[in-house]
Amino acid sequence: MITVSACLCGINCKYNGGNNLNPRIRKLMEEEEVILVCPEELGGLKTPRCPAEIVGGSAQDVLEGKAQVLTKEGDDVTRDFIKGAYEALEITKKYKINKAILKSKSPSCGTNKIYDGTFTDKLIDGIGITAELFKINGIEVFSEDDY
Ligand code: SF4
């Protein structure tokens with residue numbers, strides 16, 4: 001059993017109302033039990049929603065209350081992102097899952113690159129908040145490209 005970012009399997013939960021369908025990851029659903037999660041929706045955010053980035057630190061800093069998640073319009077959605085990460089973790093733990101495939105570059109799901117917080121499409125080394133929380137809790141995380 002594996003936890004997967006819902007948008008990778010064609011669920012329209014992406015900030016703009018679309019998805020990030022990856023046919024190879026979607027096919028996994030035919031081969032093994034897959035639990036789909038969208039941490040941002042689990043955190044209570046609506047779809048479509050304003051895009052958000054981690055500002056002023058890392059995902060770990062966000063979890064420790066030292067950095068924020070802001071939308072492009074400047075709204076603080078830190079609490080929603082943290083809530084969604086813990087909800088996704090709870091679901092993953094409930095099914096005793098120890099690995100996850102999470103969408104690259106997302107401030108929630110990103111596993112090795114994320115946007116730099118300036119909303120200028122610039123990527124930096126970093127990890128999303130859900131991916132960070134999963135790692136802290138011993139869940140192995142992969143991006144759709146590394147799996
Ligand atoms: S939070 Fe994760 S699952 Fe939800 S749309 Fe963003 S990348 Fe996909």
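A residue is termed buried when its relative accessible area is under 20%, and a salt bridge requires a side-chain nitrogen of Lys or Arg within 4 Å of a carboxyl oxygen of Asp or Glu. In the predicted model analysed here, Glu-53 is buried and yet takes part in no salt bridge. The nearest side chain of opposite charge belongs to Lys-72, at a distance of 7.7 Å, and the pair fails the criterion because a salt bridge must lie within 4 Å. Glu-53 is located in strand E3. A polar atom of its side chain lies 3.1 Å from the backbone nitrogen of Phe-119. With residues up to four places away in sequence left out, Glu-53 touches Gln-68, Val-69 and Leu-70, together with Pro-107 and the residues Tyr-115, Asp-116, Gly-117, Thr-118 and Phe-119.

The nonpolar interior was examined next. The largest nonpolar core comprises 27 residues, of which Ile-54, Val-62, Val-69, Phe-81, Leu-102, Ile-129 and Phe-134 touch the most other members. At least two residues of this core come from each of strand E2 (34-37), strand E3 (52-55), helix H3 (59-63), helix H4 (78-94), strand E5 (99-102) and helix H5 (129-136). Helix H4 makes the greatest contribution to this core, supplying 5 residues. A second core, separate from the largest one, contains 8 residues, among them Ile-2, Val-4, Val-34 and Ile-101. The surroundings of Phe-81 include both polar and nonpolar residues: beyond four places in sequence, Phe-81 touches Glu-40, Leu-45, Ala-52, Val-69, Pro-107, Ser-108 and Ile-129.

Strand E5 pairs with two other strands in the lines of evidence considered here. Strand E1 (residues 2-5) runs parallel to E5 and is joined to it by 2 bridges; within this pairing, Ala-100 of E5 is the bridge partner of Thr-3. Strand E8 (residues 140-143) is likewise parallel to E5, with 4 bridges joining the two. Here Leu-102 has Ser-143 of E8 as its bridge partner. Leu-102 is also one of the residues that touch the most other members of the largest nonpolar core.

The loop between E5 and strand E6 (113-115) contains Ser-106. Ser-106 counts as buried because its relative accessibility is 14%. Its side chain is placed at 2.9 Å from the backbone nitrogen of Cys-109, and a polar atom of the same side chain lies 2.9 Å from the backbone nitrogen of Ser-108. Outside its sequence neighbourhood of four places, Ser-106 touches Glu-40, Ile-114 and Gly-128. Glu-40 is also among the residues touched by Phe-81.

The structure holds 7 salt bridges, including the three described below. Glu-144 and Lys-103 form one of them, with closest N and O atoms 3.6 Å apart. Because Glu-144 lies in the segment after E8 and Lys-103 in the loop between E5 and E6, this pair ties together parts that are 41 residues apart in sequence. Glu-144 is buried, with a relative accessible area of 6%, and Lys-103 is also buried, at 16%.

Lys-27 and Glu-31 form a salt bridge in which the closest N and O atoms are 3.6 Å apart. The two residues lie 4 positions apart in helix H1 and are therefore separated by about one helical turn. Lys-27 counts as partly exposed, with 43% relative accessibility, whereas Glu-31 is exposed, at 54%. In the salt bridge between Glu-64 and Lys-66, the closest N and O atoms are 2.8 Å apart. Glu-64 is partly exposed, with a relative accessible area of 42%, while Lys-66 counts as exposed at 58%.

Helix H1 (residues 23-31) also contains Arg-26. A relative accessibility of 35% places Arg-26 in the partly exposed class. With residues up to four places away in sequence excluded, Arg-26 touches Leu-8, Cys-9 and Leu-21. Arg-26 and Leu-42 are separated by 16 residues in sequence, and their C-alpha atoms are 21 Å apart in space.

Terms used:
Residues are numbered from 1 along each chain as its sequence is written. This is a predicted model: local features need pLDDT of at least 70, side-chain atom pairs count only at pLDDT 80 or more; totals for chains, interfaces and linings use all residues. Side-chain values use heavy atoms; hydrogens and water are left out. A nonpolar core is a set of buried Ala, Val, Leu, Ile, Met, Phe, Trp, Tyr and Cys residues joined through side-chain atoms within 4.5 Å. Buried means under 20% relative accessible area, exposed over 50%, partly exposed in between (1.4 Å probe, protein chains only). Contact means heavy atoms within 4.5 Å. Lys and Arg count as positive and Asp and Glu as negative; His and the chain ends are not counted. A polar contact is a pair of N or O atoms within 3.5 Å; within protein, one must be able to donate a hydrogen and the other to accept it, and residues adjacent in sequence count only if both atoms are side-chain atoms. Two strands pair if DSSP finds at least two bridges between them.
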